[in-house]
Amino acid sequence: MATGPIVTLTINPALDKSSNVSRIVPDNKLRCDTPNFEAGGGGINVAKAVHRLGGNPIAIFTIGGPTGQRLHKLVKAEGVETMVIETKQWTRENFHVLETSTGFQYRFGMPGTEMMPTEVRSILETLEELDPKPSYIIASGSLPPGVPVDFYGQIAKIANQQGARFIADTSGDALRYATESGIYLLKPNIDELSELVGVEKLELDEVDDAARALIIRGQCEIVVVSMGAMGAMLVTEDQVEHIPAPPVEPKSTVGAGDSMLAGIIWTLSQGKSVREAVRMGVACGTAATMNSGSELFKMQDVNRLLDWLNRYGKRYSAS
């Protein structure tokens, strides 16, 4: 069982504003409902989910201007311990609109604001000076302008020096540099896995071999391939298992991947097996899809879905 805290890092967070409108019509003035504000960002979502599972994570993230201050208050209101790095530029703000007449959701994501080299250095120093040393460091999300593309690779080295297990949940070059430094766990989808192994497309029966290739190269120890409604594929050096997703009526996939990752890491931190951890991750991720908008899972849903996996999941799995 891990003794150090679970630490999450979000360097490109967003204040998410959402509202409803009856119908979206071009050029018309649209009368929206009172907006709702939430703290957005992969690492922040993971921290909120770990806290919901009963953990005491530390969420490290950047904040700037009034939007950053509001985001900080929202995270603290969830009961999550925070460490913030203040930036000159304001924290970005995203906008989500639900068209109630159709059920369609429109998500407008704004680009991250540029970070100064001194701000980037402050993030690295914050991680280097953590006391007590973390058991897990989870870095999630894209890199904003001004951040070097090998940033997550630098964090991987810091984690290794501290004896922490590092998880990078990102994509593209940022993920490639992270894996070159060696990380503990990867949670790619099939397209991201294809890119990592240098092929245009992977068929389902090629996923386990591609994932194991990353492990053999020393780029990671565990690969959990996220396959949406089909669940996940767990691949380690000596095991392969498909964990199916319990059948539910999905309302939104927002936050499902972060919930899945939180379930995996929280369970591992409790000394459970990788197989048990991925089952919990699939239960958390699936439970998150049962809620509308960006709301994370409800624990009663997680417990029910985990029970389904323990009872019936093996019927759908292939070892």
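Student: How many disulfides does a search of the whole structure find?

Tutor: Zero. To count as a disulfide, a pair of cysteine sulfur atoms has to lie within 2.5 Å, and the search finds no such pair. A word on the ground rules: this is a predicted model, where local features need pLDDT of at least 70 and side-chain atom pairs count only at pLDDT 80 or more, while totals for chains, interfaces and linings use all residues. Residues are numbered from 1 along each chain as its sequence is written, and side-chain values use heavy atoms, leaving out hydrogens and water.

Student: Okay, cysteines then. Why is C284 called buried?

Tutor: Buried means under 20% relative accessible area, exposed means over 50%, and partly exposed is in between (1.4 Å probe, protein chains only). C284 has 0%, so it is buried.

Student: And what makes C32 partly exposed?

Tutor: Its relative accessibility is 40%, which falls between the two cut-offs, so C32 counts as partly exposed.

Student: How do you know whether D27 is buried or exposed?

Tutor: Same test: D27 has a relative accessible area of 83%, which is over 50%, so it is exposed. D27 sits in the loop between β2 (14–21) and β3 (36–40). Its phi is positive, about 75°, although D27 is not a glycine.

Student: What about I85: where is its place?

Tutor: In strand β5, residues 81–86. Strands here are DSSP runs of E with at least two residues, helices are runs of H or I with at least four, and both are numbered from the N terminus. With a relative accessible area of 7%, under the 20% cut-off, I85 is buried.

Student: Which residues does I85 touch?

Tutor: Leaving out residues up to four places away in sequence, they include I60, F61, T62, I63 and I123. Contact means heavy atoms within 4.5 Å.

Student: What makes I6 count as buried?

Tutor: I6 has 6% relative accessibility, under 20%, so it counts as buried. I6 lies in strand β1, residues 6–10. Among its contacts beyond four places in sequence are V50, P57, Y136 and W266.

Student: Now the helices. Why is α3 called roughly parallel to α4?

Tutor: Helix α3 (residues 117–128) and helix α4 (residues 151–162) pack at about 20°, with their axes 10 Å apart. An angle under 35 degrees counts as roughly parallel, over 145 as roughly antiparallel, 65 to 115 as roughly perpendicular, and the rest as oblique. At about 20°, α3 is therefore roughly parallel to α4.

Student: Which residues make the contact?

Tutor: On α3 they include V120, I123 and L124, and on α4 they include F151, I155 and I158.

Student: So what makes α6 and α7 oblique?

Tutor: Helix α6 (residues 190–197) and helix α7 (residues 207–216) pack at about 50°, with axes 10 Å apart. That angle fits none of the other classes, so α6 and α7 are oblique to each other. I190, L193, L196 and V197 of α6 meet V207, A210, A211 and L214 of α7.

Student: One last thing: what is the peptide bond from D131 to P132 like, cis or trans?

Tutor: Cis, with omega near 10°. P132 is in the loop between α3 and β8 (136–140).

Key. Axes are lines fitted to C-alpha atoms, for helices over the stretch in contact, and angles run from 0 to 180 degrees between N-to-C directions.
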